[in-house]
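Trainee: Please pick one strand in this protein and walk me through it slowly. I'd like to see what surrounds it and then how it fits into the rest.

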Amino acid sequence: MLTRRRFSFALCALSLIPVGALANSTTLTAQEAYSQMQSGELILIDVRTPQEWQESGVAEGAWLLDMREPDFGRWIMAVLERNPNHQVAVICRSGNRSGRLMGLFAQNGIDGTLDVTEGMLGGPRGKGWIPSGLPTVSAQTAFEAMPKDLTTK
């Protein structure tokens with residue numbers, strides 16, 4: 001069983017593992033993620049830093065959980081446990097961090113999460129949320145809209 005402590009420890013070890021070693025085939029394009037969010041099927045978690053949220057904006061409807069925070073493991077587990085009827089996807093800048101995170105999930109038996117592998121800005125895995133013209137909001141707007149109990153209504 002994955003405890004919050006073990007998850008937090010494993011999260012710290014992510015920077016030591018090459019992203020290619022953690023590739024996961026459960027991916028979504030930015031457009032697919034947007035469509036699933038619009039239909040209420042998907043919770044999108046933006047795992048970037050507050051500075052990145054401020055610089056580029058946030059995918060409209062995404063929840064902000066900085067994966068560098070010590071409580072990230074507890075938060076992501078709460079999202080998964082409290083929202084059993086929703087898919088959960090993660091997005092970062094270009095797909096590297098989200099790919100590592102997906103590998104960590106797989107290593108710890110956490111199933112059902114998805115990776116928006118092209119990220120917010122795009123890269124070798126796809127065009128990206130922003131270059132695709134999908135809607136963004138300010139970090140402040142995203143934070144204010146996010147449910148504080150990490151539960152969809």
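Mentor: Look at how the side chains alternate along strand S2: Leu42, Leu44 and Asp46 point one way, Ile43 and Ile45 point the other way, and all of them are buried. Buried here means under 20% relative accessible area, while exposed is over 50% and partly exposed is in between, using a 1.4 Å probe and protein chains only. S2 covers residues 42–46, and five of its five residues are buried. Keep in mind that this is a predicted model, where local features need pLDDT of at least 70, side-chain atom pairs count only at pLDDT 80 or more, and totals for chains, interfaces and linings use all residues. Residues are numbered from 1 along each chain as its sequence is written, and side-chain values use heavy atoms, with hydrogens and water left out.

A quick word on the labels: helices (H or I, at least four residues) and strands (E, at least two) are DSSP runs, numbered from the N terminus. Two strands pair if DSSP finds at least two bridges between them.

Now for the neighbours of S2. With strand S5 (residues 87–91), S2 pairs in the parallel sense over five bridges, and there Leu42 sits opposite Gln87. With strand S4 (residues 63–64), S2 also pairs in the parallel sense, over two bridges, and Ile45 faces Trp63 there.

Step back a bit and you'll see an open sheet of five strands with parallel pairing, in the order S1-S6-S5-S2-S4. Strand S1 (27–28) and S4 are at the edges with a single partner strand each, so one side of each has no neighbour in the sheet.

Ile45 deserves a longer look. Leaving out its neighbours within four places in sequence, Ile45 is in contact (heavy atoms within 4.5 Å) with Trp63, Leu65, Ile76, Val79, Val88, Ala89, Val90 and Ile91. Ile45 also belongs to the largest nonpolar core, meaning a set of buried Ala, Val, Leu, Ile, Met, Phe, Trp, Tyr and Cys residues joined through side-chain atoms within 4.5 Å. That core has 43 residues, and Leu44, Ile45, Val47, Leu65, Val79, Val116 and Trp129 touch the most other members. Helix H4 (residues 72–82) supplies the largest share of this core, five residues.

Elsewhere in the sheet, strand S6 (residues 113–116) holds Thr113. Thr113 is buried too, with a relative accessible area of 6%. Not counting residues up to four places away in sequence, Thr113 touches Thr26, Leu80, Val88, Met102 and Phe105. So Val88 turns up in the contact lists of both Ile45 and Thr113.

Finally, here's the whole protein. There are six helices and seven strands, and from the N terminus on they run α-β-α-β-α-β-β-α-β-α-β-β-α. Of the 153 residues, 46% are buried. Among contacts between residues at least 6 apart in sequence, 68% join residues at least 24 apart.
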